[in-house]
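Visitor: I would like to learn how to read a model of this kind, beginning with its annotation and ending with its symmetry. Could you take me through it step by step?

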There are 2 protein chains.
Amino acid sequence: MRDAFHEELDGLTDRLVEMTRVVRSAMARATTALLDADLQLAEGVISKDAEVDQLFAEIEATIFELMARQQPVAVDLRMMIVALRVGADLERMGDMAEHVAKIARMRHPDSAIPPELRATILEMGHIAERLVTKAGTCIATRDVSTALELETDDDAMDKLHRRLFHVLMAPEWKHGVEPAVDVTLAGRYFERYADHAVRVARSVVYLVTGNRAPQAQG
Amino acid sequence: MRDAFHEELDGLTDRLVEMTRVVRSAMARATTALLDADLQLAEGVISKDAEVDQLFAEIEATIFELMARQQPVAVDLRMMIVALRVGADLERMGDMAEHVAKIARMRHPDSAIPPELRATILEMGHIAERLVTKAGTCIATRDVSTALELETDDDAMDKLHRRLFHVLMAPEWKHGVEPAVDVTLAGRYFERYADHAVRVARSVVYLVTGNRAPQAQG
C-alpha cells in the first residue's frame, strides 16, 4: 500500500505520460497539416499548444508544492528533479509541433514541402511519433532498454535531417529560396523534437541508475 | 555573517554569473567568425563549448548535493530550482554560439553571410551580447527592473530576425539557396539565444517576487 505522498508521485508520472500523448498527437497532426496544406488542422495544433503549457505549469506547481511540504530526500528528490526536467522537454516538444503547424499555416493554400521531400518529411514525422511514444513508455515503466532504443531512432532522424540539406543544396533544386527556408526550419523542428525525446529517455536512465548521460546536443 | 550553507548558495550565484561571461564571449567570437569567415576563431568557440557544459554539470552536481544534504525549504529551495533552470538556459546559449561557429566553419573560406545582411547579423550579435550581459547583472543583483529591460532588447532581436526573412524572400535576393539556408539557421540561433537570456531574467523575477511569468516562446 502506497502512502499519500508516493501516490502523489505516481500521479506526477501519470501526468508526464499524458503529456507525451498530447505532444505526440500534436506532432502527428502538424506533420499532416504540413503535407496536406490543411489550414484547419494547423490552426488546431497552434491553439491547443496552450494546453501543453498548462499541463506543464500544473506539474511544476505540484512539484514545488510537494518539495516545500515534504522536503523529499534521496530517490524521491531525484524523481522530482527529473520530473521537472522531463516536463520542460515535453513542453518544448509541444512548441516544436506548433512551429511546424505555423509553417503549414503560413504557406496555405500551398504546401510548404516540395514533392521530392514529402516522403522524407513524412518519415521524420513517423520517427518523431515513435520517439515520443517510446519516451512515454520509458516514463511509465522506467525501462532502461527502451531508453537505449531512442538513441537508434534519433540516429535515423539525424540521417533524414542531413538528407533534407543534401536535396536542398543539390543543383537539381528548382523551388527557389522560400521552400528552402521552410524546409530548413521544419527540419530543425523535427530534429529538435527528437533530441528532446532522447533527453527524456536519458533523464529516466538517470532516475533509475543515477548515471548522468551526456545531454543530447542540437 | 553568512553560514556555510548560504555561502555555498552565494557561490552558485557567482558560478552562474561566470557562465554568462563565458557564453557572452562565445557568441561575440562566433559572430565575428561568421562575419570574417575566421576558421581559427570558429574552431575555438566550438572546442570551448565543452567548458560551458562542464560548468553547468558542476553547478547541477552542487545543487543536487546541497538539496540532499541540507533539505532546503522556502526561499532556499526556490533559489536552487531557479539556479537549475538558469544554468540549463545558459548551457543552451553556449550551444547556440557553437552552432553559429559551425556555420562559419562549414562555409570557410567563404563568408556565410551575404553583404546586404552583414549589418543585420552584426546587430543581432550585439543585442545577444547586451542581453546576456544584462542577464548576468540580473543574476548578480536580483534587480527586477533590469529583467524588464531584457524584454525590450528581445523585441529588437525579433524585429531583426523578421528583417532577415524579409531580405531572403525578396525578389532582389541573388545568392540562391545555400546562403539562404545558412542565414535562416543563423537567425534562428541568435533568436533562440535571446529567448534563453529572457528566460534567465524571468527566472530571476520569479525568484524575487514568486510570480511566474509566461516562458519565452520560440
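Guide: Let us start with the record: in an unreviewed entry, UniProt places the feature "domain: PhoU" at residues 16-103 and 121-204 of chain A. Please keep in mind throughout that this is a predicted model.

Visitor: What percentage of helix and of strand does the chain have over residues 16-103 and over residues 121-204 of chain A?

Guide: Residues 16-103 of chain A are 94% helix and 0% strand, with the end C-alpha atoms of that span 27 Å apart. For residues 121-204 of chain A the figures are 89% helix and 0% strand, and here the end C-alpha atoms lie 28 Å apart.

Visitor: Turning to the interface, how many residues does the contact take from each chain, and how much area do chain A and chain B bury between them?

Guide: Contact is counted between heavy atoms within 4.5 Å, and on that basis chain A contributes 37 residues and chain B contributes 37 residues. The two chains bury about 2900 Å² between them, of which 60% is on carbon and sulfur atoms. On the side of chain A, the residues that lose the most area to chain B are Met169(A), Val177(A) and Arg188(A), which together account for 17% of what that side buries.

Visitor: How many salt bridges does the rule find across the interface, and how many residue pairs are in polar contact?

Guide: The rule finds two salt bridges across the interface of chain A and chain B. In one salt bridge Glu60(B) is paired with Arg85(A), and their closest N and O atoms are 3.1 Å apart. Polar contacts between the chains number two residue pairs, counted where both residues have pLDDT 80 or more.

Visitor: Which elements of chain A give two or more residues to the side that touches chain B?

Guide: They are α2 (39-70), α3 (74-107), α5 (144-169) and α6 (177-209) of chain A, and α3(A) gives the most, with 11 residues. Sorted by class, that side of chain A has 18 nonpolar, six polar and 13 charged residues.

Visitor: What rotation and what shift superpose chain A on chain B?

Guide: In general, two copies of a chain are related by a rotation about an axis and a shift along it. Here a rotation of 180° with 0.0 Å of shift along its axis superposes chain A on chain B, with an RMSD of 0.0 Å, and that is the relation of a two-fold axis. Within chain A, the C-alpha nearest the axis belongs to Val177(A), 2.7 Å from it. The same surface serves both copies, since 100% of the contact residues of chain A recur in chain B.

Terms used. Residues are numbered from 1 along each chain as its sequence is written. Chains are lettered from A and ligands numbered from 1 in the order in which they are written. This is a predicted model: local features need pLDDT of at least 70, side-chain atom pairs count only at pLDDT 80 or more; totals for chains, interfaces and linings use all residues. Side-chain values use heavy atoms; hydrogens and water are left out. Buried area is the accessible area (1.4 Å probe) that two parts lose on being put together, summed over both. A salt bridge is a side-chain nitrogen of Lys or Arg within 4 Å of a carboxyl oxygen of Asp or Glu. A polar contact is a pair of N or O atoms within 3.5 Å; within protein, one must be able to donate a hydrogen and the other to accept it, and residues adjacent in sequence count only if both atoms are side-chain atoms. Helices (H or I, at least four residues) and strands (E, at least two) are DSSP runs, numbered from the N terminus. Ala, Val, Leu, Ile, Met, Phe, Trp, Tyr, Cys and Pro count as nonpolar, Asp, Glu, Lys and Arg as charged, and the others, Gly among them, as polar. UniProt positions are given in the numbering used here, feature names are shortened, and annotations may be inferred rather than shown by experiment. Copies are superposed by least squares on the C-alpha atoms of residues with pLDDT of at least 70 in both.
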